[in-house]
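Work through the exercises below with the sequence and the model side by side. Try each task before reading its solution.

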Amino acid sequence: MEWYGERWEFRKVLKLIKHESRVLEIGCGRGYFLKMAEKKGATVYGIDINSKAIEHARKIFKLKNAYSEDLSDFLKRDEKDFDFIIFFHVIEHLSDPDGFIKKLSPLLKKDGLLCFSFPGPQRVDI
């Protein structure tokens, strides 16, 4: 199983999340970031195509809203009104990043934030 450990971006985004925020993380892995957001009082949801990682998120971190599925499957759940939609190091793996982001739009509150990161030689801090 791949290791989805802590990333420096987690701390940056966690500063933005407030108590009672609704958070969706796409590519949540084992749920490390989601657990930190949940400790801040957020209601968290996560999806990842790695079923072993989701099993860990549900069993070890007790994340009840962690699902082993892709975005198309999650969209069928009729969940919406997220304050934050987050994905770390996901967009570089997509064949249609524009289409992916357009699919996220109906899930996000009007004043919600889309937070994402991708690998690169330069780092931009929030």
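Helices here are DSSP runs of at least four residues and strands are DSSP runs of at least two, both numbered from the N terminus. The model is predicted.

**Exercise 1. Overall layout**

Task: State which pattern the protein follows along the sequence, and how much of the protein is buried.

Solution. Step 1: list the elements, which come to five helices and five strands. Step 2: read them along the sequence, which gives α-β-α-β-α-β-α-β-α-β. Step 3: turn to burial, where 45% of the 126 residues count as buried. Step 4: look at the surface, which comes to about 7,600 Å², with 51% of it belonging to carbon and sulfur atoms. Step 5: consider the contacts with a separation of 6 or more; residues 24 or more positions apart account for 58% of them.

**Exercise 2. Strand S1 and its neighbours**

Task: Find how many residues of S1 are buried, and describe how S1 pairs with S2 and with S4.

Solution. Step 1: check the cover on S1 (residues 22–26), where five of its five residues are buried. Step 2: sort these residues by face. In a regular strand the side chains alternate between the two faces of the sheet. In S1, Arg22, Leu24 and Ile26 lie on one side, while Val23 and Glu25 lie on the other. Both faces are covered.

Step 3: count the bridges to S2; there are five, and the two strands run parallel. The chain passes from S1 through H2 to S2, and this β-α-β crossover is right-handed. Step 4: do likewise for S4 (residues 82–88), which pairs with S1 in the parallel sense over three bridges. Step 5: follow Glu25 to both sides. Its bridge partner in S2 is Gly46, and its bridge partner in S4 is Ile86.

**Exercise 3. The nonpolar cores**

Task: Identify which residues touch the most other members of the largest nonpolar core.

Solution. Step 1: recall the general tendency. In soluble globular proteins, nonpolar side chains tend to be buried together. Step 2: name the residues asked for. The largest core has 20 residues, and Ile17, Val23, Phe33 and Ile86 touch the most other members. Step 3: assign the core to elements; H1 (8–14), H2, H3 and S4 each give two or more residues to this core. Step 4: separate off a second core of 14 residues, which includes Tyr45, Phe82, Ile85 and Phe87.

Step 5: take Ile86 as an example. Leaving out residues up to four places away in sequence, its contacts include Val13, Ile17, Val23, Phe33 and Cys115. Step 6: look at H2 (residues 32–39), whose buried residues are Phe33, Leu34, Lys35 and Ala37. Just after H2, Gly41 takes a positive phi of about 100 degrees.

**Exercise 4. Two loop residues**

Task: Decide whether Cys28 and Asp48 are buried or exposed, and say what the side chain of Asp48 reaches.

Solution. Step 1: place the residues. Cys28 is in the loop between S1 and H2, and Asp48 is in the loop between S2 (43–47) and H3 (51–59). Step 2: apply the cut-off, which is under 20% relative accessible area for a buried residue. Cys28 has a relative accessible area of 5%, so Cys28 is buried. Asp48 has 6%, so Asp48 is buried.

Step 3: list the neighbours of Cys28. Beyond four places in sequence, Cys28 touches Leu34, Gly46, Ile47, Asp48 and Ile54. Step 4: trace the side chain of Asp48. It reaches the backbone nitrogen of Gly29 at 2.7 Å and the backbone nitrogen of Asn50 at 2.8 Å.

How values were computed:
Residues numbered from 1 in each chain as written. Predicted model: local features only at pLDDT ≥ 70, side-chain atom pairs only at ≥ 80, totals over all residues. Heavy atoms only, no water. Buried < 20%, exposed > 50% of the residue type's maximum accessible area, 1.4 Å probe, protein only. Polar contact = N/O pair within 3.5 Å; in protein donor to acceptor, adjacent residues only side chain to side chain. Contact = heavy atoms within 4.5 Å. Areas by Shrake-Rupley, 256 points an atom, 1.4 Å probe, with all protein chains shown as cover. Pairing = 2+ DSSP bridges. Right-handed = clockwise from strand over helix to strand, strands pointing away. Core = buried A, V, L, I, M, F, W, Y, C linked by side-chain atoms within 4.5 Å.
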